[in-house]
Amino acid sequence: METVGVVGLGIMGAGIVEVFARAGLRVVGVDVDEAAVGRGRGHLELSTGRAVDRGRLAAEERAAILDRITLTPDRGALADVDLVVEAVPEVMELKRALFADLDRICKPSAVLATNTSSLSVTTIAAGTSRPSQVVGMHFFNPAPVMKLVEVVTTVLTADGLAARIADLAVRLGKTPITVGDRAGFVANRLLLGYLNHACRLLGEGVSGRDDIDVAMREGAGLPMGPFQLLDLIGLDTAYEICEVLFHETKDRRHAPSPLLRELVAAGRRGRKTGEGFYART
Ligand code: CAA
């Protein structure tokens, strides 16, 4: 795989574009219109610019990375790519419609991957004429930093495809695991129960926001406390994953906490809106 496409240039999509381009692949990044493409370009310039400022990336290397990236609102530009990774919002109808379109646009040998964190990869695959070439390729936020990639297979996935995607992930400097198509896969299945539980503790007044965050950073050695991490992930995203997990598992641990529900309803979605559990400083 030498040329890849990424659809959706939000925080995750732009991060995934950066990961591919840093590994030397040519990337076509697509979003709905020029404004969304411009926001994606902004994410990429900020992230690679920060790496240069920190002395982690030479300015010439940054220029070479950006040179390997083409950003456009035209999905037709994906006709010749070997792989597309979809990173659009977590709405099944949106993904199904997009995959039907990609199926029509992309060459027959292209692999279509979804970065979904909670939706059924099988349902997405079944809506295309090439379900054996559809997989999950689930990156973690921030994509340029986090090493894990969950390679999600379905009963329809072609033999050998998971291994090809895992090899690609290694080439990207990532650590792949293979997982079946079950809600939340592995990492979110475990992580969201914990984050939701932290919301319950806060809602019940067991301790304060800052103290719970300190407890998990200083007592459990995590890089971020649960509320800092929820702000990074997005409260709306966390809420939606909990809903899907609860629906599939019927496990009360995943029933979204009332506090999380309330904050999402209030529009406090975390860093992306400037305020979640914390206000942006
Ligand atoms: N984009 C690119 N690079 C970033 C970045 C971003 N958004 N944020 C941080 N970095 C880089 C920095 O440039 C820095 O790189 P260098 O060491 O090469 O300079 C490095 O990451 C460390 O950053 P900082 O020093 O600024 O801050 P930090 O040490 O506190 O680390 C962190 C920041 C990497 C985010 C760290 O706090 C962390 O690992 N947090 C946990 C993140 C996590 O658990 N993510 C998974 C969320 S779950 C998920 O994503 C799944 C889902 O489906 C919802």
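## A walk through the fold, starting at α11

Select Pro258 and Ala265 to begin: both are exposed, and they sit on the face of helix α11 that is turned away from its buried side. Keep in mind throughout that you are looking at a predicted model.

**Stop 1: the other side of α11**

Now color Leu260, Leu263 and Val264, the buried residues in α11 (residues 258-265). Why do they end up on the same side of α11? Because they cover an arc of only 100 degrees around the axis. That fits a familiar rule: an α-helix has 3.6 residues a turn, so residues three or four places apart point the same way.

To see what lies over these buried residues, show α7 (187-203) and α10 (235-249), which are among the elements that cover them. Then step just past the end of α11 to glycine 267, where phi is positive, about 85 degrees.

Go back to the loop between α10 and α11 and pick lysine 250. Its phi is near 60 degrees, a positive value in a residue other than glycine. Is lysine 250 buried or exposed? Lysine 250 counts as exposed, with 9 C-beta neighbours inside 10 Å.

**Stop 2: a buried loop residue**

Jump to phenylalanine 185, in the loop between β8 and α7. Phenylalanine 185 is another non-glycine residue with a positive phi, here near 50 degrees. Its surroundings are a different story from those of lysine 250, which has 9 C-beta neighbours inside 10 Å: phenylalanine 185 is buried, with 22 other C-beta atoms within 10 Å.

**Stop 3: helix α6**

Select α6 (residues 161-171) and highlight Ile165, Leu168 and Ala169, which are buried. They share one side of α6, since the arc they cover around the axis is only 100 degrees. Flip the view to the face turned away from that buried side and you'll find the exposed residues Ala163 and Val170.

What covers the buried residues of α6? The cover includes the strands β5, β6, β7 (148-153) and β8 (175-180). Just after α6 comes glycine 173, with a positive phi of about 85 degrees.

**Stop 4: strand β5 and its partners**

Stay with β5 (residues 111-114), and show its side chains. Val111 and Ala113 lie on one side, Leu112 and Thr114 on the other, and all of them are buried, so both faces of the strand are covered.

Next, add β4 (residues 83-86). β4 and β5 run parallel and are joined by 4 bridges; to find one spot along the pair, look for leucine 83, which stands opposite valine 111. Trace the chain from β4 through helix α4 (residues 92-105) into β5, and you have followed a right-handed β-α-β crossover.

Then bring in β6 (residues 134-139), which also pairs with β5 in the parallel sense, over 3 bridges. Here the bridge partner of leucine 112 is valine 134. With helix α5 (residues 121-126), β5 and β6 make a right-handed β-α-β unit.

Follow the chain out of β6 toward β7, and stop at proline 142 in the loop between them. The peptide bond leading into it from asparagine 141 is cis, with omega near 0 degrees.

**Stop 5: the cores**

Which residues have the most contacts inside the largest nonpolar core? Ile16 and Val84 do, in a core of 53 residues. Helix α1 (residues 11-22) gives the most to this core, with 8 residues.

Zoom in on isoleucine 16: leaving out residues up to four places away in sequence, it touches Val6, Val85, Ala87, Asn115, Phe139 and Ala143. There is also a second, separate core, of 21 residues; Leu192, Cys199, Phe227 and Ile233 are among them.

**Stop 6: a surface residue on α2**

Select arginine 50 in helix α2 (residues 34-53). Arginine 50 is exposed, with 12 other C-beta atoms within 10 Å. Measure from its C-alpha atom to that of aspartate 231, and you should get 21 Å for a pair 181 residues apart along the chain.

**Last stop: zoom out**

Show the whole protein: 11 helices and 8 strands. Its C-alpha atoms fill a box of roughly 55 × 45 × 30 Å along the principal axes. The radius of gyration is 19 Å, which agrees with the value near 19 Å for a compact globule of 281 residues. Buried residues make up 43% of the 281. Among contacts between residues at least 6 apart in sequence, 67% join residues at least 24 apart.

Technical notes: Residues numbered from 1 in each chain as written. Predicted model: local features only at pLDDT ≥ 70, side-chain atom pairs only at ≥ 80, totals over all residues. Helix = DSSP H or I, 4+ residues; strand = E, 2+ residues; numbered from the N terminus. Buried ≥ 20, exposed ≤ 12 C-beta atoms within 10 Å, placed from the backbone. Pairing = 2+ DSSP bridges. Right-handed = clockwise from strand over helix to strand, strands pointing away. Core = buried A, V, L, I, M, F, W, Y, C linked by C-beta atoms within 7 Å. Contact = placed C-beta atoms within 7 Å. Arc of directions from axis to C-beta. Rg over C-alpha atoms; globule rule 2.2 N^0.38 Å.
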